[in-house]
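Me: I've got a model here and want to know what sits behind some of the labels put on it. Can you take me through a few of them?

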Amino acid sequence: MKNIFQIWGTILTLIWILSFFGVACGETVTENNSTTYAGPYLGQHPPGDSAVLFAPELFVRENESHDTPYFTPEGKKMLWGAIMPDLMAGACMEMNDDGVWSEIMAPCRGGGSILRPDGNRLYFHQFEAPPGVKFPDKQGREFMWYADKVGDEWSESKPVDSVVNKYSMHWQFGVAANDNLYFSVGGNLCCAEYANGRHLEQQPLLGKNNKNIPGGLPYIAPDESYIIYAILNDRRLGDLFISFKTEDETWTDGQRLGGGINTEASELCPKVTPDGKYLFYIGDGAGFFRPFWINMSIIHALKP
């Protein structure tokens, strides 16, 4: 009898320990068809070396992702472009001091946008042209704008320099820690450097034999050491590739990402979390776009 009580005591102790760690590490609890998210990354179990869906019970068809979710540097706010009934806008969720995430809030300034790595400048797309700017070849295309963090608020929106905005562009672009902008022009990756308070004329990214690097929807590493981007295959579906900057300022040939990332469907809009741990992207294997994530070890393994 004593042994039975000892066994039950051990079991109850283990249950208490597991429940404690469940709360401490984050959790997703569903009650009465309502889901509560708590902890870093909405309490989702961290991925390994194979891509998995991120928060699949949140990103359903009725809340399709128009672009990839990204987190603020402190990890307490998640923003993304959401396609909702009668609404296409930025959506966001915020984590309170108890580690519990809010419900989806929309519209938020989030869709088609990206933060500078320090979180103090927000770049974003909008169809509104800067005052006095007319580019006939940009009909129906986006313009780049930005806003700076001032305390807990954002400054008035300002257009990026016309030398950048004159180019036809669409969807995701990347920003480095030094405000250099990376985007696609004519199907090739390019960079507009930031110097003396303004952006300069874009220059193409060059690979082996001074050839342009094809691709679009890029994510650039904060230190510009690598760039992840999408290339359309012969069926007009996107696959994700990576190139690394070399010592002579050129870029390695694109390497296709592994880990089950690229499939028969489209994979687009790569983004790396501010802590450098995970790669996020969106894929439409279910007939609508949903976010996936994977451990960054797969990227480190590809570095020459």
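Reply: Sure. A disulfide is a pair of cysteine sulfur atoms within 2.5 Å. Keep in mind that this is a predicted model. By that cut-off, the structure holds zero disulfides.

Me: How do you know that C190 is in no disulfide?

Reply: The nearest cysteine sulfur belongs to C191, and it is 7.7 Å away. A disulfide needs the two sulfurs within 2.5 Å, so C190 is not in one. C191 is in no disulfide either, with the sulfur of C190 as its nearest, 7.7 Å away.

Me: Why is C190 called buried?

Reply: Buried means under 20% relative accessible area. C190 comes in at 2%, so it counts as buried. C191, at 10%, counts as buried too.

Me: Moving to the loop between strand 4 and strand 5, what makes T68 buried?

Reply: Its relative accessibility is 0%, and the cut-off is under 20%, so T68 counts as buried. T68 touches several residues further off in sequence, including L79, W80, F280 and Y281.

Me: How do you know that the side chain of T68 makes a polar contact with C269?

Reply: That side chain reaches the backbone oxygen of C269 at 2.5 Å. The limit for a polar contact is 3.5 Å, so this pair qualifies.

Me: Why does D67 have no salt bridge?

Reply: D67, in that loop as well, has K271 as its nearest side chain of opposite charge, 4.4 Å away. A salt bridge has to be within 4 Å, so this pair misses out. The side chain of D67 does reach the backbone nitrogen of G81, at 2.5 Å.

Definitions and conventions:
Residues are numbered from 1 along each chain as its sequence is written. This is a predicted model: local features need pLDDT of at least 70, side-chain atom pairs count only at pLDDT 80 or more; totals for chains, interfaces and linings use all residues. Side-chain values use heavy atoms; hydrogens and water are left out. Buried means under 20% relative accessible area, exposed over 50%, partly exposed in between (1.4 Å probe, protein chains only). A polar contact is a pair of N or O atoms within 3.5 Å; within protein, one must be able to donate a hydrogen and the other to accept it, and residues adjacent in sequence count only if both atoms are side-chain atoms. Contact means heavy atoms within 4.5 Å. Helices (H or I, at least four residues) and strands (E, at least two) are DSSP runs, numbered from the N terminus. Lys and Arg count as positive and Asp and Glu as negative; His and the chain ends are not counted. Lists of a residue's contacts leave out its neighbours within four places in sequence.
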